[in-house]
Every structure is written in structure tokens, then in C-alpha cells.
Amino acid sequence: MSNQYDAIIIGAGISGMYQLHTLREQGLSVKVYEAGTGVGGAWYWNKYPGCRFDSESYTYGYSWSEEVLQEWDYKERFAAQPDTERYLNFVADKYDFRKDIQFSTRVTKATYDEAAKQWEVELDDGSTARAETLVSASGPLNAHTLPRIPGIDSFKGEWAHTARYPKEGFGGRGIDQFKGKRVGVIGTGATGVQVIQEVAKTADSLTVFQLAPEWCAPLKNGPISSEEMKNIKANYKTIFAECNETFGAFRHKFDERSALEVSDEEREAFFEKKYHESGFGIWLGNFHDIMTDRKANDLITDFIARKIRSRVNDPKTAESLIPKDHGFGTRRVPMETQYFECYNKPNVKLVNLKWTPIEEIVPEGVKCNDELYELDIIIYATGFDAVTGSLKRIDITGKDGAKLTDKWANGPRTLLGMQTAGFPNLFTLVGPHNGATFCNIPRCIEQNVEWVADTVKYMKKNDFHSIEPSLEAEDAWTIHVDETAEGTLFPSADSWFMGVNINDPSKKRTFMLYAGGQQNYRAECDKVAENDYAGFVLK
Ligand code: NA7
């Protein structure tokens, strides 16, 4: 059979490309199937204006290639999407990844053949392929969701979800795409915030439809000088080693002091300093207990609320922009650049959907219960079926005809977020309950990929052809994951961290990530491997 490989990888993003590299290095035959026409995953699909990192650029790239580290220059502290897509293409070219990637091909079905100990995947062109090892590298934020609002298709203007945004902008108009246009943006998460800031610059009018505000904080982007870049290149080893030691694999490290033990003046000065630093420092470099202690969290929450009030001229609009139902950092913190100041511009209007919900999309625009907003363009920044969505969209059948969607109907169950019992040889990179889900993602992707590569090597060396978690070990990990969440304030907020998606009410509210710290997760994975894959059943 010609479509027979040692390993099949689903997705050619950051994780899929590196997994291809590591398995190919072992002399295995590997095939990657990718739905897009190019490499990059999230950085291929999310072409909306304003899309950029919230991670420091130089901490985001691959660390495994000294050549790439030395050859690639970051121009901005937080690189924009086109740069990152270029970077990933540069790596793909350098390592000749494309020869093993089949583009414009979606895996629709994956079935485990227990007798042959092989996965058979079905592709959207009707063909099939088989391999002993199946690696899902399909990304935690890939299955985008449109709102459940009637009439989306009836709109006679231009529209797109941010994750399927037209490459050259609407109508191929590039930077002029919003000139003279009435634009509506629905959704104000990390993506909505980035897109709103850009559209506000040139649109004739921008109407923002906000269901729930977020606790946004300044990104403080800026150029990286050639001198700085030289310095970064000389210090990559230290930089990555530092990242590997912290909770989220950023250079930001929680302050060892409690927010409650310092004086009011000291605390205010510290918050102020963090607010003006670049990146996630205000969140992940703050007092250690802002994410675990309600009282400590109230203090930073109050600080950020005061900042929003000071930046928005109209007090009623400011109140609409201040979250009332969750504390700072309990949902993903969007990083912004003059976001709140957008609402001081005469061409920008905020519609609070809590007061005036959308009834339907009509040919002319968005109809709320009090008013019809006539629009030329609608941008849906309404997020994703996070973490499990891209796996759910593949019809995955394991041993004894068991469906993955049935197994995870009440929430994911995994061991290390890498595998789930009953689905041997299926590895889920950045899967649910995996340390890579709350992480400066490429740092943890590398850990995930290397762990899988080492596991495959171990199996080959010991002549094993099947690996899956024991049910006991899987139960213990699932309990442990929930305990990591209970130690934080994450469960106090509805968010995609908690599996909440108002556009998919069937999704169970349950913790989807791993909140024990990536450095501890890394240690757990190492321990399991060192103990001959304790908790896994090898045959
Ligand atoms: P998010 O963070 O899931 O945000 C989606 C936004 O869209 C959020 O404000 C939602 O409000 C809003 N939304 C969702 N459905 C609707 C409907 N039906 N009507 C109005 N508004 C809606 O996705 P992002 O793309 O911003 O970010 C995802 C991650 O990508 C981000 O965390 C980064 O890590 C990268 P809600 O919050 O549900 O009240």
C-alpha cells in the first residue's frame, strides 16, 4: 500500500513541523496532512489586521536550531502575523519540510485497527493512509466558532471570522480595506481587541458589539534594534533556560511577595511599574497570589479598573468596558495598544450587548433589540471551540469502536494531556490537560514534541507497537489537573479555559488546561519517561 507510513501528523503548524523534524531524524517515514495551503497553523490562518504576539518575539521561536536562531532577526518586541508566517516558511524551507507535507488536505476520520496496531486516516479527497503512530498537531485554538445568531448568511456586505480572514484584506484592498466603510466587530477577546485597534484607525465608522469586556493591559510593543538583536542572539541559551524555569515559560516570573503583605504605597507603585512594562508582566510577573487569593486579586482588579476609567473619556462607556463578573487574570488577558483610547474617537461606538442584545443579522447589518446598525463589513472575532475543537471535528474511533467524542463528552480524560486510554499510539500535542495549554506555547510545544519523539524511539528500541495510558493513571492525572485548577481563581470565571463557549452549549464546563505550572508539568513528563513510562501500558 503506497500510503503507508511510520507516522502521520495532523497539521503543519509549529508543533507539526517540529514533530516531522524529530521523527524524520530517527529515519522514520512521516507524512503531514495540512488543511491550509501553507505552513504555520494559527499563524497561517489568523491573517486579520493587528494580529501579533503577546509573547516576546525572541522567546517564541524554535530553540532547536542554532542556525535559525542566528539567522533570523526579530524587528519588533511582539512580532506581527506576517513576520511570523514568514519565519515559519523560512524554517520550512531551510529544513525542506514541504516534501513531506500534503497541503489542502483535511483529515476527516481516524480509526484504530487493533489487529494491525495501525491507525487508518481518511482524507477529504476520499483517499486513506495508515501509520502505527498518529500525532495530532491540530492546535488548541483552531476550530473557529461563529456566533449562533440567525441570518449571518443573509448579510449583503463583506464578512469574515478573524481565523479565516482574507489574505489581502476585504476585496483585496489591503490597508485601504476599511476606508469609507462602516465596520462592525463582534467579540472583544484577545483577537477582537487587536482587530478593533486597527480598524478604528481608518474606518469611516466602527461599531463594536461587546458581550463581555476583558481586563486588557498595555502591550508596549516597540522595535528591536540591531544591537539588541545581537545581544539576544548571544544569550539565547540563558533566555530559554530562564523561560523553562517559570510558570508559563515566559521571562516574566511571579514576585515572591504577597499583594497583601506590602504597604498600600508599595503595592500601588509595583502595579504601576508592571502596568508600564511590556508584555504579560502585569499578569505573570505580578505578586504571586493575584491568581490564587481572592483578596489579592481584588486589589489588582481595582487597579486595572481605575486605569480603564482614567483612559476612557465617557464614564458610561468606561463602565461598559470594565468587567464586573470576574477578576483580573482569571480569563486570558488581552494585550492592547491604545485600545481604550479608541472609544474616545468620534468614529467608534461601543454597543453593550448585555443591555441591547443582537436579535439577528439582516442584509443591511446587525439588528439589536433597540436599533439596526447598518454596516458594509462585519468581522466576527468570536473565538474558538478551544482545546478539543479540532480533535472533535475529526471522527476518531479507538479500540472496540469507541468514539473520542463520546469518551470526552463530560470533559477530557488524559494522561499528561498526551494520550487517552483506548486510543493507543495517538498523541495529542498541546492537548487538553497538557502543560502546553497554559504556556508561551512554542516553549512547551518543543517539550511535547521531544517527549513524543523519545517515546517513539523507546518503543522502537524495545519492540513495542502499542502505548496507551492505564485507566488508573488516567483517572489520577484527571484528578490532579482539577486540583491544579482548584488552587487558582480560574474556575471563578466562565472562559475557554473552563470549556465555556456560548456558541456551543453542549460543551461541558470543566477545566481544559493544566494549571500546575509548565515547569512542574515538564518534570512530571520526565519522571514518567525515566520510569519506563509508568502509568502507560506498552505492548
Ligand atoms: P475568545 O477569547 O474566545 O473571545 C471571543 C469573543 O467573542 C469574546 O468576547 C466572546 O464573548 C465573544 N463572543 C462569542 N460569541 C459571541 C456571540 N454569539 N455574540 C457576541 N459576542 C460573542 O477568542 P479570541 O479569538 O479573542 O482569542 C482566543 C485566543 O487566541 C486568545 O486567548 C489567545 O490566546 C489567542 P464572551 O467572552 O463569550 O462573553
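## A three-stranded sheet

In this predicted model, three strands make up an open sheet, lined up as β13-β14-β15, with antiparallel pairing. The edges belong to β13 (358-362) and β15 (372-374); each has a single partner strand, so one side of each is left without a neighbour in the sheet. On average, neighbouring strands here are turned by 20° against each other, direction ignored.

Take a look at how β13 meets β14 (residues 365-368): the two pair in the antiparallel sense over four bridges. One of the matched pairs is Val362 with Gly365, its bridge partner in β14.

## A five-stranded sheet

There is also an open sheet of five strands, this one with parallel pairing, and its order is β7-β16-β8-β9-β12. At its edges you'll find β7 (158-161) and β12 (348-352), each pairing on one side only. Ignoring direction, the average turn between neighbouring strands of this sheet is 15°.

Start at the β7 edge. Four bridges link β7 in the parallel sense to β16 (residues 377-380), and Glu158 has Ile377 as its bridge partner in β16. Now add a helix: α6 (residues 190-202) lies across β8 (182-186), β9 (205-210), β12 and β16, and runs at about 160° to β9.

For a close-up of β9, pick Thr207, which sits in that strand. Is Thr207 buried or exposed? It counts as buried, because its relative accessibility is 8% and the cut-off for buried is under 20%. Setting aside neighbours within four places in sequence, Thr207 is in contact with Val183, Gly184, Val185, Lys349, Val351, Tyr373 and Leu375. Among those contacts, Val183, Gly184 and Val185 fall in β8 (182-186), Lys349 and Val351 fall in β12 (348-352), and Tyr373 falls in β15 (372-374) of the three-stranded sheet.

## A hairpin and its parallel partner

Next up are β4 (residues 107-113) and β5 (residues 118-123), two antiparallel strands joined by six bridges. Tyr112 stands opposite Trp119 in β5. Together β4 and β5 form a hairpin with four residues between them, and in the turn Lys117 has a positive phi of about 50°.

β4 also has a parallel pairing, over three bridges, with β17 (residues 395-397). There, Ala110 has Ile396 in β17 as its bridge partner.

## Two nonpolar cores

In soluble globular proteins, nonpolar side chains tend to be buried together. In this model, the largest nonpolar core has 133 residues, and Ile379, Leu416 and Trp451 have the most contacts inside it. Helix α16 (residues 441-461) gives the most to this core, namely eight residues. A second, separate core has 20 residues, including Ala110, Tyr112, Trp119 and Ile396. You have already met those four: Tyr112 and Trp119 as opposite residues in the hairpin, Ala110 and Ile396 as bridge partners.

Which residues does Trp451 touch, leaving aside its neighbours within four places in sequence? The contacts of Trp451 are Leu416, Met418, Phe427, Cys525, Val528, Ala529, Tyr533 and Phe536. Leu416 shows up here, and it is also among the residues with the most contacts inside the largest core.

## A buried threonine in α16

Thr455 is found in helix α16. Why is Thr455 called buried? Because its relative accessible area is 0%, and buried means under 20%.

With neighbours within four places in sequence left aside, Thr455 is in contact with Phe427, Ile467 and Tyr533. Phe427 and Tyr533 are also contacts of Trp451. With Tyr533, Thr455 makes a polar contact, side chain to side chain, at 3.3 Å. As for Ile467, it is 12 residues from Thr455 in sequence, and the two are 9.1 Å apart in space, C-alpha to C-alpha.

## Around the ligand

How many residues are around the ligand, and which come nearest? There are 20, and Pro147, Thr188, Thr191, Arg331 and Asn503 come nearest. One of these, Thr191, falls within helix α6 (residues 190-202).

Oxygen atoms of the ligand have several polar partners. Thr188 has a backbone N or O atom 3.0 Å from a ligand oxygen, while for Gly189 a polar backbone atom is 3.4 Å from one. Arg332 uses its side chain instead: a polar atom there lies 3.0 Å from an oxygen atom of the ligand.

Technical notes. Residues are numbered from 1 along each chain as its sequence is written. This is a predicted model: local features need pLDDT of at least 70, side-chain atom pairs count only at pLDDT 80 or more; totals for chains, interfaces and linings use all residues. Side-chain values use heavy atoms; hydrogens and water are left out. A nonpolar core is a set of buried Ala, Val, Leu, Ile, Met, Phe, Trp, Tyr and Cys residues joined through side-chain atoms within 4.5 Å. Buried means under 20% relative accessible area, exposed over 50%, partly exposed in between (1.4 Å probe, protein chains only). Contact means heavy atoms within 4.5 Å. Two strands pair if DSSP finds at least two bridges between them. Axes are lines fitted to C-alpha atoms, for helices over the stretch in contact, and angles run from 0 to 180 degrees between N-to-C directions. A residue is near a molecule or strand if one of its heavy atoms lies within 4 Å of it. A polar contact is a pair of N or O atoms within 3.5 Å; within protein, one must be able to donate a hydrogen and the other to accept it, and residues adjacent in sequence count only if both atoms are side-chain atoms.
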